[in-house]
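This report describes selected features of helix packing, aromatic pairing, burial and backbone geometry.

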Amino acid sequence: MIEMSSVDDLLTVKDLGKTFSDAGRLSFGSSSSGSVRAVDGASFSVKPGETLALVGESGCGKSTLGRLLLRLIQPTDGEVLFEGRDITALGAAEMRMMRARMQMVFQDPYGSLSPRRSIAQIISEPLEVFGLAKSSRERRERVAELLVQVGLSPSFMDRYPRQFSGGQRQRIGIARAISVNPQFIVADEPVSALDVSVQAQIVNLLQDLQAERKFSYLFIAHDLAVVRHIADRVAVMYLGRIVEIGPKKSVYALPQHPYTQALLSAAPEPDPDRKANRIVLQGDVPSPSRVPPGCSFHTRCPIAKDICKVDRPALREVSPNQFSACHFATPNPLTQAG
Ligand code: SF4
C-alpha cells in the first residue's frame, strides 16, 4: 500500500525497490538465489520544508534508500516522483540538471571531500557545473558567503580538508550541498561520526538552514534522540522494508509496530516520569540473503502469532497519517483524538 500522498508533495516514492545480484557488494534484503533485496516496496512522500527521518538498525537498507532517491544507485523497480516527475526515467543530461535540486550530505565528511582540493575548489565546483557563478571572482564571493552561512570564516577558503576538525569538515560538506540551492537534501547520518559535543551544533545548523531556505530533508539516523529533535515525521525500516511511518509526535508517544516499540524502549527518555520498560529483542537480525517469510520480523517479535510466519503484513493506515506493517497494530488514541 502506498502511504498517503498529495499533489502538494515535493517527493513521492512508489513501490521503490533495489535488488543487488551480488550479495557481497552491499548489505540487506532478501532473495532465494543469493541476490540481495536491499530495499523492498518503499512508498512514502515528503512535503516542501519537511524533515522525514529514516531510522533502523545498521544495515537495514536506509542508506541505500537515500541513494536511490537521488539516483546515485539505479532502482530495480518503482518510481521516485520529484515535483510530479519520475526521475527514474530521466536521461543522463536531465538527471545531471536535476541534481542541482537534490543534494546529499554524507556521514563521513572527510571521505566525501577531496584531500587535494582547497575548500574554495570543493565548494565552487557545483557552482561551476550548474553555471551559478561564471567568473572566478564571482565563485570566490559565493564561496565566502556560503562559508559564513555555515559558521566558518571566509579566510579558510584556501585551506585543505585535513586542516579542519570533523565538525568543520561537515560544515564544508553542508556548504557544498546548499551551494546550488536544492529543494531536497538527503542527510545520511550527518552527525554520527562527530563528537557528541559537536553533534548538536551541526543539527542546529541544519535546522537553521532549513528554516531560512525552506528545503526538505530525508534525515537518515540511528540516534533516536537526534531524530526526536529534528524530525517532523519518522519512518522505520527493518530488513529493507518500511514497517512504520507517521508524525513524530504519535510515533514516539504510541509506536504501533513492535519493532518501533523495541527501538524506542532502548532510546534515552527525556521525561524521567515516562521511563518505558526496555524491550530486549531476542536473536540477531536475520541474514539478508535469508529474510524470513511472512512478516520478516516474526523471528524476533515478542508478540508473533502463527499467521505472522506465513502472511506478510501490508503497510496500512492504523491511525490518521500513521501507518504500520503489523497484523495486530491498533489505532493510536492520540491521533484518534485528533
Ligand atoms: Fe510481530 Fe506479527 Fe506484527 Fe510482524 S505481524 S510485527 S511478527 S505481531
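A residue counts as buried when its relative accessible area is under 20%, as exposed when that area is over 50%, and as partly exposed in between. By this criterion tyrosine 259, at 1% relative accessibility, is buried. The structure discussed here is a predicted model.

## Aromatic pairs

A search of the whole structure yields 5 aromatic pairs. One of them joins tyrosine 238 and phenylalanine 297, in an edge-to-face arrangement with 5.0 Å from centre to centre and 80° between the planes. Tyrosine 238 belongs to strand β9 (residues 233-238), whereas phenylalanine 297 sits in the loop between α9 (258-265) and β11 (316-319), so the pair ties together parts that are 59 residues apart in sequence. Tyrosine 238 has a relative accessible area of 2% and is therefore buried. Phenylalanine 297 is likewise buried, with a relative accessible area of 2%.

Phenylalanine 297 also pairs with tyrosine 259: the ring centres are 5.3 Å apart and the planes stand at 65°, so this pair is edge-to-face. Here too the pair links distant parts of the chain, since tyrosine 259 is in helix α9 and phenylalanine 297 in the loop between α9 and β11, 38 residues apart. Tyr238, Tyr259 and Phe297 form one aromatic cluster.

## Helix packing

Three helix pairs are set out below.

| Helix pair | Angle between axes | Distance between axes |
|---|---|---|
| α3 (residues 119-129) and α4 (residues 136-149) | about 110° | 9 Å |
| α4 and α6 (residues 196-213) | about 120° | 11 Å |
| α5 (residues 166-178) and α6 | about 15° | 10 Å |

How are α3 and α4 oriented relative to each other? An angle from 65 to 115 degrees counts as roughly perpendicular, and with an angle of about 110° α3 and α4 are therefore roughly perpendicular to each other. The crossing in which α3 passes α4 is right-handed. On the α3 side the contact is made by Ile119, Ala120, Ile123, Ser124, Leu127 and Glu128, and on the α4 side by Arg139, Arg140, Arg142, Val143, Leu146 and Leu147. By class, the residues of this contact of α3 with α4 comprise 7 nonpolar, 1 polar and 4 charged.

Helix α4 also packs against α6, at an angle of about 120° and with the axes 11 Å apart. That angle makes α4 oblique to α6. Arg142, Leu146 and Gln149 of α4 make the contact with Leu205, Leu209, Glu212 and Arg213 of α6. The residues of the contact of α4 with α6 divide into 3 nonpolar, 1 polar and 3 charged. Arg142 and Leu146 of α4 thus appear in the contact with α3 and in the contact with α6.

The packing of α5 with α6 is at an angle of about 15°, with 10 Å between the axes. This makes α5 roughly parallel to α6. The two helices, α5 and α6, have a right-handed crossing. From α5, the residues Gly167, Gln170, Arg171, Ile174 and Ile178 meet Val198, Gln201, Ile202, Leu205, Leu206, Leu209 and Arg213 of α6. The contact of α5 with α6 has 7 nonpolar, 3 polar and 2 charged residues. In α6, Leu205, Leu209 and Arg213 take part in the contact with α5 and in the contact with α4.

## Helix α1 and backbone geometry

Helix α1 (residues 62-69) has 6 of its 8 residues buried, so it is largely enclosed by the rest of the structure. The buried residues of α1 are Lys62, Thr64, Leu65, Gly66, Leu68 and Leu69.

Most residues other than glycine have a negative phi. Which residue just after α1 takes a positive phi? Arginine 71 does, with a value of about 55°. Arginine 71 is placed in the loop between α1 and β4 (77-82), and at 17% relative accessibility arginine 71 counts as buried. Asparagine 321 likewise has a positive phi, near 70°. Asparagine 321 lies in the loop between β11 and β12 (322-324) and is partly exposed, with a relative accessible area of 40%.

## An exposed loop residue

Arginine 290 is located in the loop between α9 and β11. Is arginine 290 buried or exposed? At 64% relative accessibility, arginine 290 counts as exposed. The C-alpha atoms of arginine 290 and threonine 64 are separated by 19 Å, with the two positions 226 residues apart along the chain counted as their separation. Threonine 64 is among the buried residues of α1.

Technical notes:
Residues numbered from 1 in each chain as written. Predicted model: local features only at pLDDT ≥ 70, side-chain atom pairs only at ≥ 80, totals over all residues. Heavy atoms only, no water. Axes fitted to C-alpha atoms, helices over the stretch in contact; angles between N-to-C directions. Helix = DSSP H or I, 4+ residues; strand = E, 2+ residues; numbered from the N terminus. Parallel < 35°, antiparallel > 145°, perpendicular 65-115°, else oblique. Left-handed = near helix turned anticlockwise from the far one by under 90°. Contact = heavy atoms within 4.5 Å. Nonpolar A, V, L, I, M, F, W, Y, C, P; charged D, E, K, R; others polar. Phe/Tyr/Trp six-rings, centres within 6.5 Å; stacked < 30°, edge-to-face > 60°. Buried < 20%, exposed > 50% of the residue type's maximum accessible area, 1.4 Å probe, protein only.
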